[in-house]
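Me: I would like to go through this model with you, one topic at a time. Please keep the answers plain.

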Amino acid sequence: MKMSIGQTIEIIYLDKAGKITQRKIEVNGIRDGRIRATCLTTGAPRVFLAASILSWRPVSENRHAG
């Protein structure tokens with residue numbers, strides 16, 4: 001499965017300090033091993049190294065709390 005621009009995904013990411021985080025992001029661009037995205041928790045733009053993404057999956061748009 002391939003991620004694409006405009007897609008909302010959930011990632012497990014190893015940052016440069018060695019900390020593992022899980023976050024939902026909206027992919028804005030993919031180039032040269034870097035993923036430009038908007039973090040849906042903070043609303044902040046972020047750049048993630050594709051090599052540091054340990055796992056990812058698409059987020060279903062049809063999920064409802066309840």
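Me: Let us start with Leu14. Is Leu14 buried, partly exposed or exposed?

Reply: This is a predicted model. Leu14 has a relative accessible area of 31%, so Leu14 counts as partly exposed.

Me: Where does Leu14 sit?

Reply: Leu14 belongs to strand S1, which covers residues 8-14.

Me: Which residues form a nonpolar patch on the surface with Leu14?

Reply: Ile12, Ile20 and Leu54 form that patch with Leu14, and together the four expose about 330 Å² of accessible area.

Me: Now the interior. Which residues make up the largest nonpolar core?

Reply: The largest nonpolar core has 10 residues in all: Met3, Ile9, Ile11, Tyr13, Ile25, Val27, Ile35, Ala37, Phe48 and Ile53.

Me: And which elements give two or more residues to this core?

Reply: Those elements are S1, strand S2 (20-31) and S3. S1 gives the most, with 3 residues.

Me: What is Ile53 in contact with, sequence neighbours aside?

Reply: Beyond four places in sequence, Ile53 is in contact with Ile11, Ile12, Tyr13, Ile35 and Phe48.

Me: Two of those are aromatic residues. How many aromatic pairs are there?

Reply: The count is 1 aromatic pair. The ring centres of Tyr13 and Phe48 are 5.0 Å apart and the ring planes meet at 80°.

Me: Why is the pair called edge-to-face?

Reply: The planes of Tyr13 and Phe48 are at 80°, and angles over 60 degrees count as edge-to-face, so the pair falls in that class.

Me: Where are the two partners along the chain?

Reply: Tyr13 is in strand S1 and Phe48 is in strand S4 (residues 45-49). The two are 35 residues apart, and the pair links distant parts of the chain.

Me: Are these two buried or exposed?

Reply: Tyr13 is buried, at 7% relative accessibility. Phe48 is buried as well, with a relative accessible area of 0%.

Me: Changing topic to charges. How many salt bridges are there?

Reply: The count is 1 salt bridge. Glu10 pairs with Arg57, and their closest N and O atoms are 2.6 Å apart.

Me: Where do the two ends of that bridge lie?

Reply: Glu10 lies in strand S1 and Arg57 in strand S5 (residues 53-58). They are 47 residues apart, and this pair links distant parts of the chain.

Me: How accessible are Glu10 and Arg57?

Reply: Glu10 is buried, with a relative accessible area of 12%. Arg57 is partly exposed, at 36% relative accessibility.

Me: What else does Glu10 contact?

Reply: Not counting neighbours within four places in sequence, Glu10 is in contact with Gln22, Arg23, Lys24, Ser55, Trp56 and Val59, as well as Arg57.

Me: How far is Glu10 from Arg36?

Reply: Their C-alpha atoms are 14 Å apart in space, and the two residues are 26 residues apart in sequence.

Me: Stay with Arg36, then. Where is Arg36, and how exposed is that residue?

Reply: Arg36 is in strand S3 (residues 34-39). With a relative accessible area of 45%, Arg36 is partly exposed.

Me: What does Arg36 touch?

Reply: Leaving out residues up to four places away in sequence, Arg36 touches Glu26, Val27, Asn28, Gly29, Arg46 and Val47. The C-alpha atoms of Arg36 and Val47 are 4.5 Å apart, although the residues are 11 residues apart in sequence.

Me: What about backbone geometry? Which residue has a positive phi although it is not a glycine?

Reply: Asp32 does, with a phi of about 55°. Most residues other than glycine have a negative phi.

Me: Where is Asp32, and is Asp32 buried or exposed?

Reply: Asp32 lies in the loop between S2 and S3. Its relative accessible area is 71%, so Asp32 is exposed.

Me: Lastly, two threonines. Where is Thr21, and what does Thr21 contact?

Reply: Thr21 lies in strand S2 and is buried, with a relative accessible area of 16%. Beyond four places in sequence, Thr21 is in contact with Ile11, Ile12 and Tyr13.

Me: And Thr8: where is Thr8, and is Thr8 buried or exposed?

Reply: Thr8 lies in strand S1. Thr8 is buried, with a relative accessible area of 14%.

Me: How far is Thr8 from Ser60?

Reply: Their C-alpha atoms are separated by 8.2 Å, with the two residues 52 residues apart along the chain.

Technical notes
Residues numbered from 1 in each chain as written. Predicted model: local features only at pLDDT ≥ 70, side-chain atom pairs only at ≥ 80, totals over all residues. Heavy atoms only, no water. Patch = residues over 30% accessible without salt bridge, like charges linked within 9 Å, V, L, I, M, F, W, Y side chains within 5 Å. Areas by Shrake-Rupley, 256 points an atom, 1.4 Å probe, with all protein chains shown as cover. Salt bridge = Lys/Arg side-chain N within 4 Å of Asp/Glu carboxyl O. Helix = DSSP H or I, 4+ residues; strand = E, 2+ residues; numbered from the N terminus. Buried < 20%, exposed > 50% of the residue type's maximum accessible area, 1.4 Å probe, protein only. Contact = heavy atoms within 4.5 Å. Core = buried A, V, L, I, M, F, W, Y, C linked by side-chain atoms within 4.5 Å. Phe/Tyr/Trp six-rings, centres within 6.5 Å; stacked < 30°, edge-to-face > 60°.
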